[in-house]
Structures are given as C-alpha cells and as structure tokens.
Amino acid sequence: MLNMDFTQAVLIDTNKLDWVASPMPGVFRKPLAREGAERGHATSLVQYKAGSVFRPHPHPLGEEILVLSGVFSDQQGDFEAGSYFRNPPGTSHAPHSENGCLLLVKLHQFQSSDLNQVSITTPKIWSSNKSEILPLYMFGMECVWLVRIQNGDNLLSELDLPSSVELFVISGQASYGERLLSSGMWFREPEFLSNQWSVESSCFIWLKSGHF
C-alpha cells in the first residue's frame with residue numbers, strides 16, 4: 001500500500017525517485033500511489049527503454065495514459081508526446097516503444113459504468129505558447145484537462161473544480177499555499193482551494209478533478 005489514504009494530501013517530486021524495474025525487461029516505474037505489487041489501483045511514471053516490449057495484458061478496471069515524451073506504441077498505432085488515451089475495462093493491448101518513451105499511467109481507477117474508449121493524439125496545446133484549457137475527458141464528476149498558463153493568468157478560476165484535485169506538472173512551476181510545484185511533481189489534494197493556487201510566470205499541467 002502506497003499513498004492509498006485519499007483523505008491526505010500528497011506531493012511527490014518524481015525527479016527525486018529512483019526507477020524500479022517492472023516484470024518486463026527495459027520497462028521501469030516510479031510508483032506514486034499503489035494498492036498492491038502488480039495489481040489494483042496504481043498511479044506511476046513509466047519509462048520504456050528503446051526497443052522494450054510489455055507482454056499483452058488486459059485492463060480489468062481500465063487504464064489511463066498521458067505520453068510525456070517519446071513515442072508509445074501498441075496495436076492501435078503510435079502515440080507521440082501529448083497523446084492521451086483511456087482503455088476501459090474489458091480491453092487489452094501489447095505495448096512497446098521503438099525509441100523509448102515516458103508515460104504517466106493510472107491503472108484500475110475507472111468508475112464501474114465508464115466504458116468509453118478515448119484517444120487524443122498530440123493536441124496543439126502541447127506545443128502552444130498561449131494560455132488555454134483543453135478538456136480531455138468528462139464522465140460524471142470526473143474531469144480531466146491539459147492546462148497551459150502563461151504570464152500568471154488565473155485560468156483555474158475558470159474551472160468549476162470540486163474539492164478533490166490531482167495534477168502533474170509537465171513544465172514550469174506554480175504555488176499552492178506554501179508548497180512550490182515544479183516540473184515533474186505529482187500533487188493530490190482532497191480539499192483543493194482555488195485561492196491557494198498561483199502561477200507567477202508559466203506552468204503546463206495535467207489536471208484531474210472529482211475522482212481519485
């Protein structure tokens with residue numbers, strides 16, 4: 001069990017974590033939250049070395065992936081940095097990476113009635129230089145966005161955020177109260193307060209609300 005008390009705020013600088021070998025050669029992980037060793041609820045950074053292959057596997061409670069760098073591939077095609085996809089319960093795939101990639105992966109966290117397959121490939125916001133919000137997915141109370149903030153704009157005030165918020169800082173930095181959130185940090189807050197959030201210059205984040 002790792003960070004499975006969802007009533008507690010968690011802030012992790014993934015840059016300071018060591019890579020942990022997975023059961024497949026060439027695939028490494030940095031666990032952020034985990035229910036069990038190789039099953040159940042899990043949130044991780046996952047690194048595929050060039051030429052690595054993961055065995056075919058199903059998704060009993062779904063899989064959600066954001067490609068942070070490189071190119072991730074499976075039988076559905078190639079997914080470059082910025083690609084976001086959701087594989088619902090009942091699906092399976094055999095992932096690999098020819099030249100290597102870095103992923104944010106969430107496993108076994110779908111709501112029981114969420115059976116939607118989603119694939120968004122390399123959205124323009126990934127290389128944009130202006131403030132904008134890109135909705136990635138919405139189901140019930142769960143909402144997922146990419147948010148790019150430039151020049152200190154207060155974009156989060158435009159979102160109707162419930163109390164539970166999870167985010168990963170892709171680049172730049174922000175502040176939440178006394179906490180400094182910079183590139184590579186993962187933050188989970190069960191009682192998020194928008195007035196505690198600020199960006200002085202620029203920040204690019206993946207953001208989920210309403211569901212851990």
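This talk goes through the salt bridges, cysteines, voids and a few single residues of one predicted model.

I'll start with the salt bridges. The structure holds six of them, and I'll describe three.

The first pairs glutamate 64 with arginine 86 through their side chains, at 3.3 Å from N to O. Glutamate 64 belongs to strand 7, residues 63-74, and arginine 86 to strand 9, residues 84-87, so this bridge ties together parts that are 22 residues apart in sequence. As for accessibility, glutamate 64 is buried and arginine 86 is buried too.

Arginine 86 has another partner, aspartate 114, and here the closest N and O atoms are 3.1 Å apart. Aspartate 114 sits in the loop between strand 12 (101-107) and strand 13 (118-120), while arginine 86 is in strand 9, so the pair ties together parts 28 residues apart in sequence. Aspartate 114 is buried, like arginine 86.

The third is glutamate 142 with lysine 208, with 2.5 Å between the closest N and O atoms. This one links distant parts of the chain: glutamate 142 is in strand 15, residues 142-149, lysine 208 is in strand 20, residues 203-209, and the two are 66 residues apart. Again, both glutamate 142 and lysine 208 are buried. Taken together, Glu64, Arg86, Asp114, Glu142 and Lys208 are joined into one network by salt bridges that share partners.

Next, the cysteines. How many disulfides does the structure hold? The count is zero. Take cysteine 143 as a case. The closest cysteine sulfur to its own is that of cysteine 203, 19 Å away, which is too far for a bond. Cysteine 143 has a relative accessible area of 14%, so it is buried, the cut-off being under 20%. Cysteine 101 comes in at 5% relative accessibility and therefore also counts as buried.

Now the voids. There is one cavity of 30 Å³ or more. The largest cavity contains about 30 Å³ of space. Its lining consists of Phe6, Ala33, His41, Thr43, Lys106, Gln109, Glu166, Trp186, Arg188 and Phe212. Sorted by class, that lining has four nonpolar, three polar and three charged residues.

For the open sites I'll take the second largest pocket, whose volume is about 170 Å³. It is lined by 13 residues, and those nearest its centre are Leu45, Leu68, Leu102, Phe168 and Gly184. Which strand gives the most to this lining? Strand 16 does, with three residues. By class, the lining of the second largest pocket has eight nonpolar, four polar and one charged residues.

Strand 16 also brings us to a single residue. Glycine 172 lies in this strand, which covers residues 165-176. Is glycine 172 buried or partly exposed? At a relative accessible area of 30%, glycine 172 is partly exposed, because that class runs between 20% and 50%. Beyond its neighbours within four places in sequence, glycine 172 is in contact with Leu181, Ser182, Ser183, Ser202 and Cys203. One distance to go with that: from glycine 172 to glycine 184 is 9.3 Å, C-alpha to C-alpha, with the two twelve residues apart in sequence.

Lysine 49 is the next residue. Its place is the loop between strand 4 (42-48) and strand 5 (52-53). Its relative accessibility is 42%, so lysine 49 counts as partly exposed. Not counting residues up to four places away in sequence, lysine 49 touches Gly26, Phe28, Ser97 and Gly100. Glutamine 150 is 101 residues from lysine 49 along the chain, and their C-alpha atoms are separated by 33 Å.

Last, some backbone angles. Histidine 108 is not a glycine, yet it has a positive phi of about 55°. Histidine 108 is in the loop between strand 12 and strand 13, and with a relative accessible area of 22% it is partly exposed. Threonine 122 is another non-glycine residue with a positive phi, in this case about 45°. Threonine 122 is found in the loop between strand 13 and strand 14 (132-139). At 33% relative accessibility, threonine 122 counts as partly exposed.

Methods. Residues numbered from 1 in each chain as written. Predicted model: local features only at pLDDT ≥ 70, side-chain atom pairs only at ≥ 80, totals over all residues. Heavy atoms only, no water. Helix = DSSP H or I, 4+ residues; strand = E, 2+ residues; numbered from the N terminus. Buried < 20%, exposed > 50% of the residue type's maximum accessible area, 1.4 Å probe, protein only. Contact = heavy atoms within 4.5 Å. Disulfide = S-S within 2.5 Å. 1 Å grid on protein atoms, 1.4 Å probe; cavity = no way out; pocket = protein on both sides within 12 Å on 5 of 7 lines; lining within 4 Å. Points joined across faces, edges and corners; volume = space filled by probe spheres on them. Nonpolar A, V, L, I, M, F, W, Y, C, P; charged D, E, K, R; others polar. Salt bridge = Lys/Arg side-chain N within 4 Å of Asp/Glu carboxyl O.
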